Amino acid sequence: MALSVAYRNKYRLWADLVRGSADRLFVPTQADVALGASVVVQAGLPGSSMPVVVRGTVVARRKASLRFPAGVYVNFPQKELEKARRLMGLDSTPGRQVWGRKDPRYACSLRARLLTSSTVVDGLEVKNLSHSGLLLTCHTALSVGQPVTVTVWLDTEEEVALQAHVSWVGATEHLVGLRFDADLDENATVRVAACVSRLAAAVSKRDATRRVVIADDDEEILRLLATTLSRHGYECFRASDGQEAQGLIRELHPSLVLLDILMPGLDGVDICKHMRSDVELEDVPVIFVSALDAATLHTLADEAGATDFLPKPVAMADLLNLVGHYLRLTHHKPAVQLEGVA
């Protein structure tokens, strides 16, 4: 699939590819492009009849909002970046990877046992399950990348042992994400897939349109935002740092997220990028709430894929209007698709 984006000059194009060591480019488009899709991006430059053409992978998507156009974020391998550099005569900067889940996970409550190289941990609970991984409770210290064997008692009570590695460790609630190894036993793969299908068929359609996660390291602002929204019927969940916020978002799958940008640990920009790269969270509206100047806030929100932003100090009327607007937009009518020029 080919996508096109127009640039004012080659310096703006390259700045977008390397800004903040990022290695992804936002391309405005109305096309419904799937996460993980391979796309060709044609970047047109003034005065040039030949566009800069690079191939990459869609790593995140953003719906249209009041402030930003709809489109996709495309990640480019190093060889493609170097090709673009040669075409433009500019230097490159190594980028960083953006990760996200590509398979939907379904809530469950399954018994599990974890085996590491040094210990066996019983009495665990699987909180959600997908074709490629799971989330479970675990009080034992684990590290990202660590290989493990997890035994799960499926909904039919059949037992299945799965080779996996730790993909995520939560800062709170003792939650651990596991990603199954690529060479998983075929029989185990079939049984997990069957269980996932049954869980998907039984997913509750409970209305959660008023569930909001609020993250800010300023306790007074956190209290003010949560109190205001709670008084208007929203179910609020608070986080005082980036790790805690990410854990809540992954566990609760909220209907909207309010994020401070400058927080300890993970900042709001990284959290938003992860959400836009996650098949389960890509459509959740994200509103940045920050004391940064308006120009910087706009740039960071656009780069991260945020839906909108509010400057501090926050006007409560603006807060309620934005939250109400995006929840109505998400759950009652499709977003208006916009075209844009970088």
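In this predicted model, arginine 191 has a relative accessible area of 22% and is therefore classed as partly exposed. The side chain of arginine 191 meets that of glutamate 158 in a salt bridge, with a distance of 3.4 Å from N to O. Because glutamate 158 lies in the loop between β9 (147-153) and β10 (159-169), whereas arginine 191 belongs to helix α3 (residues 186-201), this pair ties together parts that are 33 residues apart in sequence. Glutamate 158, with a relative accessible area of 28%, is likewise partly exposed.

A search of the whole structure finds 13 salt bridges, and the pair just described is one of the contacts of this kind. Another is formed by arginine 62 and aspartate 302, whose closest N and O atoms are 3.2 Å apart. Arginine 62 is placed in strand β4 (residues 52-62) and aspartate 302 in helix α7 (residues 294-304), so that this salt bridge ties together parts separated by 240 residues in sequence. The two partners fall into separate classes of accessibility, since arginine 62 is buried at a relative accessible area of 3%, while aspartate 302, at 25% relative accessibility, counts as partly exposed.

A further salt bridge brings together the side chains of lysine 312 and aspartate 260, at 3.6 Å from N to O. Here both partners are found in loops, lysine 312 in the one between β16 (308-311) and α8 (316-332) and aspartate 260 in the one between β14 (256-259) and α6, and the pair links distant parts of the chain, 52 residues apart. Aspartate 260 has a relative accessible area of 5%, which places this residue among those counted as buried. In addition, Asp32, Arg61 and Glu282 are joined into one network by salt bridges that share partners.

The packing of two helices was also examined. Helix α5 (residues 242-252) packs with helix α6 (residues 268-276) at an angle of about 20°, and the axes of the two helices are 10 Å apart. Because angles under 35 degrees count as roughly parallel, α5 is described as roughly parallel to α6. The crossing in which α5 passes α6 is right-handed. On the side of α5, the contact is made by Gly242, Ala245, Gln246 and Ile249, and on the side of α6 by Ile271, His274 and Met275. When the residues in this contact of α5 with α6 are sorted by class, four are nonpolar and three are polar, and no charged residues are present.

Notes. Residues numbered from 1 in each chain as written. Predicted model: local features only at pLDDT ≥ 70, side-chain atom pairs only at ≥ 80, totals over all residues. Heavy atoms only, no water. Axes fitted to C-alpha atoms, helices over the stretch in contact; angles between N-to-C directions. Helix = DSSP H or I, 4+ residues; strand = E, 2+ residues; numbered from the N terminus. Parallel < 35°, antiparallel > 145°, perpendicular 65-115°, else oblique. Left-handed = near helix turned anticlockwise from the far one by under 90°. Contact = heavy atoms within 4.5 Å. Nonpolar A, V, L, I, M, F, W, Y, C, P; charged D, E, K, R; others polar. Salt bridge = Lys/Arg side-chain N within 4 Å of Asp/Glu carboxyl O. Buried < 20%, exposed > 50% of the residue type's maximum accessible area, 1.4 Å probe, protein only.
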